[in-house]
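Here's a quick tour of one chain, from its strands to a couple of side chains worth a look. Keep the viewer open while you read.

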Amino acid sequence: MKKNIQFLKDEGYKVAVDDFGKGEISLETIVDLNPHYIKVDRSLGQNLYNSGKNQDVIKKLLFLCERTNMKLVLEGIEKKEDLDMAKALGVHYAQGYLLGEPKPMRENTKK
């Protein structure tokens, strides 16, 4: 997998690892693959404003991102307080119903 991901990176593609924090992707995998983006599972984004534990995890991931030139995408932002906390922590990107509901893909209508 590492070889294939490196090939994609060499071809100019941006690579993201999704759902980090669910247990399926290890920290070792993140460090080894060095993706452009780490998408953090929504379980860490929901109620971020009142979870010191989740805030600490996000801080540590942001430190890793800073050292390895990755960007962090925090999923599960559904309350203004969570968005405010994510901003205060320095999260790069956020996703969630507060920011907009998922929308269907549209066909390209250019002629």
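## Strands, a buried Asn and a surface patch

Let's start with Asn54. Leaving aside neighbours within four places in sequence, Asn54 touches Ser43, Leu44, Gln46 and Leu48. Bear in mind that this is a predicted model. Asn54 sits in helix α4, which covers residues 52-68. Is Asn54 buried or exposed? Its relative accessible area is 8%, and since the cut-off for buried is under 20%, Asn54 counts as buried.

Now for the strands. Here's how they pair up:

| Pair | Residues | Sense | Bridges |
|---|---|---|---|
| β2 and β3 | 37-40 and 71-74 | parallel | four |
| β3 and β4 | 71-74 and 93-94 | parallel | two |

Val73 is a handy residue for following the pairing across. Lys39 has Val73 as its bridge partner in β3, and Val73 in turn has Tyr93 as its bridge partner in β4. So what links β3 to β4 along the chain? Helix α5, residues 80-89, joins with these two strands to make a β-α-β unit, and that unit is right-handed.

Last stop, the surface. Phe7, Leu8 and Tyr13 make up a nonpolar patch there, and together they have about 330 Å² of accessible area. Leu8 belongs to helix α1, residues 2-10. Its relative accessibility is 36%; because partly exposed means between 20% and 50%, that's the class Leu8 falls into. Compare that with Asn54 back in α4, which is buried at 8%.

Methods
Residues are numbered from 1 along each chain as its sequence is written. This is a predicted model: local features need pLDDT of at least 70, side-chain atom pairs count only at pLDDT 80 or more; totals for chains, interfaces and linings use all residues. Side-chain values use heavy atoms; hydrogens and water are left out. Patches are made of residues with over 30% relative accessible area and no salt bridge: like charges are joined within 9 Å, nonpolar side chains (Val, Leu, Ile, Met, Phe, Trp, Tyr) within 5 Å. Accessible areas come from the Shrake-Rupley method with a 1.4 Å probe; for residues, only the protein chains shown count as cover. A salt bridge is a side-chain nitrogen of Lys or Arg within 4 Å of a carboxyl oxygen of Asp or Glu. Buried means under 20% relative accessible area, exposed over 50%, partly exposed in between (1.4 Å probe, protein chains only). Contact means heavy atoms within 4.5 Å. Two strands pair if DSSP finds at least two bridges between them. A crossover is right-handed if, with the strands pointing away from the viewer, the path from the first strand over the helix to the second runs clockwise.
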